[in-house]
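Please examine the sequence and the three-dimensional model shown here. The paragraphs that follow lead through its main features in turn.

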Amino acid sequence: MTDPGERLRSSLAADQASSPSSAGMADFDSPIAMEAMRATRVLHAADQEPFPAPNRIRVITIANQKGGVGKTTSTVNLGVALALYGLRTLVIDLDPQGNASTALGVEHTVGTPSVYDALAGDSSLGEVVHPTTASPKLLCVPATIDLAGAEIELVSVVAREHRLRRAIEAYVHELPPEERPHYVLIDCPPSLGLLTLNALVAGDEVLIPIQCEYYALEGLGQLLNNIDLVRQHLNPGISVRTILLTMYDGRTKLADQVADEVRNHFGDLVLPAVIPRNVRVSEAPGYGQSVLTYDPGSRGSTSYVEAARQLAERGVDLPPLERTGMVGVTAAPPVAGLSLGDTAAPSISHAGESVSSPRVSGERS
Ligand SMILES: Nc1ncnc2c1ncn2[C@@H]1O[C@H](COP(=O)(O)OP(=O)(O)OP(=O)(O)O)[C@@H](O)[C@H]1O
Ligand SMILES: [Mg+2]
């Protein structure tokens, strides 16, 4: 049987060959010149001003139990952007589908040392970290289909919710300071099971990608509720720090309505940069690439660079975490979080579901 990735690659190559725009006839059109200029900026990121490093390691869990909202795409492209702009980044693929591994061109066939081995305790995270071709500063812990069994296998394991957090802490402590990642991005599966729970316990903060489509907020209340429970019982430092609007289609009123609703509800947690629906973004994984390396001048690429820049800029003066263990972290007052039980908070209704307002840094509770 032909490898589906191979099939997709051939079909994309055929499409490109037959596309008139690939003939180079319009090379001097100004939109193309603009795109070339944008591409140069991304391609020569190393010559540009690097993104600011965070004041402590940032472990960001990218979660939304709704499927297909751009979790993996955002993890991969933000990870590549951060790395291209100078920040050491580790992407942990925690989804048995292994999509982030595919998009980063990292082997993830059965038997490949993967995050499963680290969760099962058979390997350290350092032993299952793979390099990527996107950037020497970007490493990836791939997921193989073995991970699908982990939800069940871990049920009887002691401290099963803490497996990933402990693996990350041990990994970071083993490394000399100059090799420690600035960013650890964890790509979650579309569920609220034990894998996502491990990611919420491991993370310092959650990034929620929200697709600019109808039903975008459906199920979000449940996710926020789970984050709240994790904060109360397992990881007091966790909070939602970033919302990223994805797959925005400027031609539709709906996209604007959803974007406005999300901004009204989540305020400053929403990054100003919005990721447009862009075909290059969806083609890139077929080539084992991020959109930044596949088509650096595309709008998908430049918006992910912009989103990563804003993410990095927000990381320079983070409050210390309310937990010990992580490198450079001391006990501190609680950081911003979501208060779901707060009946005084306004709430919005979407698709028959009520979502409570988050409490944001600096706001009175
Ligand atoms: N900005 C975009 N423009 C066009 N297509 C996109 C964009 N972002 C994501 N996609 C496509 O949408 C699909 C879903 O994206 P992605 O896999 O990132 O979502 P996900 O939330 O990780 O899904 P899952 O819940 O299955 O893990 C993919 O085919 C991806 O290529
Ligand atoms: Mg995914």
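Gly79 is buried in this predicted model, because 35 other C-beta atoms lie within 10 Å of its own, where 20 or more suffice for that class. The residue belongs to helix H3, which spans residues 71-84. Leaving aside residues up to four places away in sequence, Gly79 touches Thr89, Val91, Leu138 and Leu185. A further relation links Gly79 with a residue far along the chain: its C-alpha atom is separated by 9.3 Å from that of Ser290, although their positions lie 211 residues apart in the numbering.

The setting of this helix is a sheet. Eight strands form an open sheet of mixed pairing, in the order E3-E4-E2-E5-E1-E6-E7-E8. Its edges are strand E3 (130-131) and strand E8 (270-276), each of which pairs on one side only. Within the sheet, strand E1 (residues 58-62) and strand E6 (residues 205-211) run parallel and are joined by 3 bridges. Thr61 stands opposite Val206 of E6.

Helix H3 lies across several of these strands, namely E1, strand E2 (89-93), strand E4 (138-141), strand E5 (183-187), E6 and E7. Relative to E5, the helix runs at about 165°.

The same helix takes part in the surroundings of ligand 1. This ligand is surrounded by 19 residues, and the closest are Lys71, Thr72, Thr73, Pro190 and Ser282. Helix H3, strand E7 (239-248) and helix H11 (279-283) each supply at least two residues of the shell. Of the contributing elements, H3 gives the most, with 3 residues. By character, the residues of the shell divide into 6 nonpolar, 10 polar and 3 charged.

The confidence of the prediction remains to be considered. The mean pLDDT of the protein is 82, and 76% of its residues reach 70 or more. Two stretches fall well outside that range. Over residues 1-28 the pLDDT stays under 50, and the model has 14 contacts beyond four places in sequence for this stretch. Over residues 324-365 the pLDDT is likewise below 50, while the model shows 88 contacts for this stretch beyond near neighbours in sequence.

Notes:
Residues numbered from 1 in each chain as written. Chains lettered and ligands numbered in written order. Predicted model: local features only at pLDDT ≥ 70, side-chain atom pairs only at ≥ 80, totals over all residues. Helix = DSSP H or I, 4+ residues; strand = E, 2+ residues; numbered from the N terminus. Buried ≥ 20, exposed ≤ 12 C-beta atoms within 10 Å, placed from the backbone. Contact = placed C-beta atoms within 7 Å. Near = placed C-beta within 6 Å. Nonpolar A, V, L, I, M, F, W, Y, C, P; charged D, E, K, R; others polar. Pairing = 2+ DSSP bridges. Axes fitted to C-alpha atoms, helices over the stretch in contact; angles between N-to-C directions. pLDDT = per-residue confidence, 0-100.
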